[in-house]
Amino acid sequence: ASSSSPVVCRESLHVVDVRRYSRDQASVIYFPQAVLSGEDLYDVTLTDGDCRLQVTLDPGLNQLVERRVLKPRSPVYNATFSPALSAQLPECPGASADRDSYRLVSVQVRDSADDEEDEGVWRSQVAWDSLPWFGSSGPTGPLVPLRASRSVFLPLWNNVDYSGEVWMEAPPTEDSLEEEDEEEEGRRPSVTVSELRDCFLSGRRGAIQYQLIVRIINKSHLMYYGRTDRNCECPYKAVLQACDRTGSVCVVLWNSVCVSWYRRLKPGDIISLRHYRVKQHYQAEVDDIEISVNSRNPAAQISVLPESSVSPEYLPPAPSYNFYNSKELLERPQGNLCDVIGLLTFTGRSERVRSKDGRGAGLLEYRWLRLEDGSSDKPIMVKLFSTSQPETHLKLHPVSVVVCTRLKSIRSDQSPDSFYLTNTTYTQVYCTGLGHHSQMSYRKLQQVRIFLQWLRSQDDQQVLGRALIGGFSMYPPPPVSLETFMKERRGELGFLQGSELQRELERLCYRERRTFCLQATVSMVTYSRRGEEDRCLFWMDRPSSLSSSSSSSPSIRPPSSSFSPSSLSSALSVSSPRPADLSSSRKRRKLLLSETPSKRCPLLTVQTENNNKTVILFEASMEFLENAADEEDEEEEADEDSSSFCTAPLPPVFPPIATETLPLRFDYNHREEQAAAVRMGGGAKAERFDSAPKDYYTVRLRALSDGLLVDAVFLPHLSSSLLHHSNTWTSILSHGAFSSHKPPPSPADLIAMAPQLANQRLVCVLEACHLGGARTELVLSRGEPESHGVSGTGNKLGSIRLVPVEGFRNELKEVQMSAEVTSLQHPQTFMPK
């Protein structure tokens with residue numbers, strides 16, 4: 001600790017935890033030579049099995065966390081530490097004057113999957129939380145950020161949820177307990193909302209000591225307002241919409257009051273407030289007020305009151321709800337506020353999008369939900385962002401009864417039928433399995449009772465047969481008109497060159513979802529089934545065009561995956577891809593015969609052996625009467641295709657589809673594991689679960705601008721739209737899905753029609769999502785022929801530019817831009833920029 005020279009640890013270390021926080025005004029002092037390009041800093045806890053050490057990641061290495069290369073359980077090597085000052089004073093919890101503080105300035109990270117078995121044995125022998133801290137003394141309380149004066153950490157993937165043990169449900173304060181002992185019944189407020197408003201508007205300001213009794217009607221999500229140019233230890237606020245019999249008012253919880261009380265308070269609670277301030281409402285009309293509840297100046301007193309303790313004449317009114325079923329929602333206007341209840345039959349994976357609030361730096365976490373309520377054939381689609389209820393969101397798996405309050409409807413002018421619901425500031429979610437429904441007053445409403453009657457009439461196995469979890473999803477589907485699509489994308493990136501697309505993909509953070517447009521031609525189409533990639537159908541374009549461009553056009557694929565100019569000019573084939581070790585693999589290709597699959601696998605077919613018809617849904621409905629334990633059920637699926645083959649050389653090489661891309665058939669017996677697999681961080685493996693469907697197409701695109709090759713997954717069977725077209729390649733790509741009015745073509749027939757794509761110039765819409773580490777998912781959502789009139793959209797279209805690229809190959813980094821990029825195979829050294 002006395003030396004200022006960097007220290008290199010040659011031993012193998014493991015990452016125990018990674019914590020995020022925002023920097024403050026003084027953070028730049030601790031990184032004088034670093035480029036602080038973002039607002040975030042990361043503290044990493046490391047262990048060698050004997051002790052633990054909390055260090056700060058050099059800002060130049062932040063991308064290791066943001067792209068989920070460095071994560072809990074990661075083995076790291078040759079870590080270089082530099083002694084550093086700590087922002088926390090000795091009297092702060094978790095800090096000590098004589099505790100060593102270090103900055104991690106370089107490290108080698110290896111994919112933990114390579115050591116999964118050894119790591120499991122190592123972890124089973126060590127209880128990380130019980131290990132001593134490195135140095136002369138350890139933390140005296142909960143860990144706090146090392147390089148900023150913050151008292152709490154942020155969650156890794158959003159700014160809305162709470163994170164850490166300090167956010168516990170707060171017990172009543174001593175003052176509240178004494179007060180409750182004195183007045184157990186007949187409690188009366190000392191002042192009303194109407195009187196507070198009149199006093200404030202008449203000019204009487206200051207702290208109020210009179211007791212105010214109100215009921216919480218709505219509760220906002222947490223709002224984090226930490227900024228790099230301001231110092232605030234706990235920059236949080238939350239807004240409660242509350243009322244008594246004389247009126248309604250906003251109650252704002254500030255800073256550490258949020259940590260102490262946010263989790264404890266919920267809509268419907270009656271609370272008593274003392275020692276608060278009345279202020280001008282910052283967002284409302286000039287004649288409205290808000291109540292500020294802070295931990296100082298003055299220190300507010302809060303207590304939760306049982307309804308029986310409040311005098312009946314002063315009992316605040318109960319919350320009201322506006323439930324709409326799926327049939328009624330079809331006619332609701334844009335922006336209409338509503339509450340919904342439904343049976344959850346699809347839970348999407350967690351993803352993130354860039355904030356459009358003007359700051360542009362924030363990433364908002366969301367997932368798609370599909371709810372059914374029996375009132376119509378159209379489900380309720382909900383784009384659910386974080387609501388500061390992380391425990392509830394973890395329980396959002398299919399065959400749960402879910403209530404979402406204070407949603408707003410979103411309806412597209414171009415696709416009025418494709419409406420969906422999404423969050424407002426006050427959205428709350430209640431889910432089966434957490435005891436929510438039995439505590440909420442909405443369970444007595446007529447709309448809820450009607451839904452429960454429908455729910456009890458449903459058959460478990462039929463519901464399980466259509467229940468899906470995770471996977472790529474796209475809602476609402478893009479408009480058929482490309483001109484309409486481009487108008488909706490105003491303000492976003494226009495058409496990209498291949499190299500520009502590559503740079504944008506390299507900038508994606510973990511689970512960040514973005515849409516890109518590319519002008520390209522199709523040089524290959526492959527049909528595969530998950531787990532059976534040793535057999536695939538494929539078509540590839542004439543090698544004359546491939547070979548003529550291969551010497552002048554850089555490819556994003558590694559050189560080992562390029563195609564020989566001596567291959568056939570075009571082929572309809574069934575192939576056996578080469579194994580991971582390409583240097584020792586044999587090159588094989590099998591020509592397609594007539595015995596090919598004649599039908600696609602049905603998307604939602606499932607076979608089960610359990611004859612129990614209504615146990616799961618019955619138990620879900622029972623929670624509205626009392627808390628009930630979930631009953632388990634099982635499902636199995638058997639689905640096979642068979643083909644006959646003969647051999648030929650040179651197969652295509654595509655990496656298998658990512659396990660996160662195809663939705664999984666919901667397995668009720670393993671619901672917790674599946675839910676963990678699709679959440680942010682993906683704590684569980686999904687390979688052992690069946691996907692629905694198993695088949696997928698891979699399309700190789702050649703950018704018209706610079707000739708770069710891009711491999712994208714194409715999933716025409718995942719659309720929920722009602723489409724009517726001819727099921728040719730042109731119409732399937734234009735709509736992004738098969739026609740819903742006729743049986744889809746078999747994979748063999750579709751591959752046989754692939755020569756239709758030769759030399760066609762397409763405008764391709766690509767959906768990209770970074771899956772962590774070196775894996776990036778790229779899905780072709782649609783491809784519109786240029787002849788369909790896209791030149792008038794006014795979005796950087798113009799004429800096609802064919803850029804010569806001689807000499808550019810050596811300057812281009814070899815990066816796998818495909819459905820799933822191979823993860824790190826060997827240690828890589830990362831140095832801060």
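**Two buried side chains in a predicted model**

Tutor: In this predicted model, 74% of the contacts between residues at least 6 apart in sequence join residues at least 24 apart. The chain has 17 helices and 35 strands, and 55% of its 833 residues count as buried.

Student: Why is His 436 called buried?

Tutor: Its relative accessibility is 17%. Buried means under 20%, so His 436 counts as buried.

Student: Where is His 436 found, and which residues does His 436 touch?

Tutor: His 436 sits in the loop between β22 (428-431) and α9 (446-456). Leaving aside residues up to four places away in sequence, it touches Thr 392, Val 429, Tyr 430, Cys 431, Tyr 442 and Glu 623.

Student: What makes the approach of the His 436 side chain to the backbone nitrogen of Cys 431 a polar contact?

Tutor: The side chain of His 436 reaches that nitrogen at 3.2 Å. The cut-off for a pair of N or O atoms is 3.5 Å, so the distance qualifies.

Student: How do you know that Asp 24 has no salt bridge?

Tutor: The nearest side chain of opposite charge, Arg 150, is 5.2 Å away. A salt bridge needs a separation within 4 Å, so Asp 24 is buried yet has none.

Student: What does the side chain of Asp 24 reach?

Tutor: It reaches the backbone nitrogen of Ala 26 at 3.2 Å. Asp 24 lies in the loop between β2 (13-22) and α1 (27-30). Beyond four places in sequence, the residues Asp 24 touches include Arg 147, Arg 150, Arg 227 and Arg 230.

How values were computed
Residues numbered from 1 in each chain as written. Predicted model: local features only at pLDDT ≥ 70, side-chain atom pairs only at ≥ 80, totals over all residues. Heavy atoms only, no water. Helix = DSSP H or I, 4+ residues; strand = E, 2+ residues; numbered from the N terminus. Buried < 20%, exposed > 50% of the residue type's maximum accessible area, 1.4 Å probe, protein only. Contact = heavy atoms within 4.5 Å. Lys, Arg positive; Asp, Glu negative; His and termini not counted. Polar contact = N/O pair within 3.5 Å; in protein donor to acceptor, adjacent residues only side chain to side chain.
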